[in-house]
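Welcome! Here are a few short exercises with worked solutions. Take a look at the structure below, then try each task before reading on.

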Amino acid sequence: MKINKQLIAFSIFMLPLIGQAQEKLNQLDAKGERHGLWKGHYDDSKLLRYEGNFDHGKEKGLFTYYANSDKKIVMATRDFNGTGGAYTIFYDENKLKVSEGNIVNKLRQGIWKYYHKGLKTVMSTENYVNDKLEGIRKVYYTNGTLGEEIPYKNGLKDGLSKKYNKDGKLIEEMVFVAGQMQGSYKVYDEFGNLVISGNFKDDKKKGIWKYYQSGKLVREMNADTINGYKKPSLQKK
């Protein structure tokens, strides 16, 4: 009987591939920890919830997470670095990015990007320390122009905040201290002329507020008065 050498060679080549195809999913190592390729499903359903590889109980490399739908819609991906961190990207139902950044021990760390809904353009960039905003948060218009700069400290607005119009012109300035508006407040028109100036204390208008037209003062108002009368102070009898 003649033996087809090409068939034998092809069979030898295919054996390891067949073995890989028959490799079992969702295996545990000797210590009972997840190891190798795992696929998770939604409760009482055959719908895929996630898939990715474990290395003796730790996520390794790229994991993909799906919506609870038979259309296999990707909700997020996480690329695990093996030291507790994972670069994470969230998606909408149209496969467009919603946000992305690093998660370390389930907390946002470093720079995160957020996108305008239904667009590929960045809506804001934010810096996190242990899941709390820290530093300058920047907000952008859909055309990419910077629209707002807000400083944060330990998760609260803190410092001089600025707003810009779509042409990049400064239109508003305000100061925050520990999350509350404190001190100087200014509004400008599109030509850079001062329109409003005043002060805040504990998120409330205080003292004399000034209003301008074409750079000229046209009105003043005392925020500490009601209908022209000064607010009475509370004194003990």
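**Exercise 1. In which strand is E172 found?**

Start with the ground rules. This is a predicted model, where local features need pLDDT of at least 70, side-chain atom pairs count only at pLDDT 80 or more, and totals for chains, interfaces and linings use all residues. Residues are numbered from 1 along each chain as its sequence is written, and side-chain values use heavy atoms, with hydrogens and water left out.

Step 1: Find the residue. E172 belongs to strand 15, residues 170–177; strands (E, at least two residues) and helices (H or I, at least four) are DSSP runs, numbered from the N terminus.

Step 2: Check its exposure. E172 has a relative accessible area of 14%, so it is buried (under 20%; exposed is over 50%, partly exposed in between, with a 1.4 Å probe and protein chains only).

Step 3: List its neighbours. Leaving aside residues up to four places away in sequence, E172 touches S161, K162, K163, Y185, K186, V187 and Y188 (contact means heavy atoms within 4.5 Å).

**Exercise 2. Describe how strand 11 pairs with strand 9 and strand 12.**

Step 1: Take strand 9 (residues 122–129). It runs antiparallel to strand 11 (residues 135–140), and two bridges join them (strands pair if DSSP finds at least two bridges between them). Here S124 stands opposite V139 in strand 11.

Step 2: Take strand 12 (residues 146–153). Its antiparallel pairing with strand 11 has six bridges, and I136 faces P151 of strand 12.

Step 3: Look at the turn. The hairpin of strand 11 and strand 12 has five residues between the strands, and there G144 takes a positive phi near 95°.

**Exercise 3. Describe the lining of the largest pocket.**

Step 1: Count the residues. The lining holds 26 residues, and E59, Y65, R78, F80 and K106 lie nearest the centre of the pocket.

Step 2: Find the sources. Strand 4 gives the largest share of the lining, five residues.

Step 3: Sort by type. There are 13 nonpolar, seven polar and six charged residues in the lining.

A pocket is an open set of points on a 1 Å grid over the protein atoms alone, where a 1.4 Å probe fits, with protein on both sides within 12 Å along at least five of seven lines; lining residues have an atom within 4 Å of a point.

**Exercise 4. How many helices and strands does the protein chain have?**

The chain has one helix and 21 strands. Of its 237 residues, 27% are buried.

How values were computed. Nonpolar A, V, L, I, M, F, W, Y, C, P; charged D, E, K, R; others polar.
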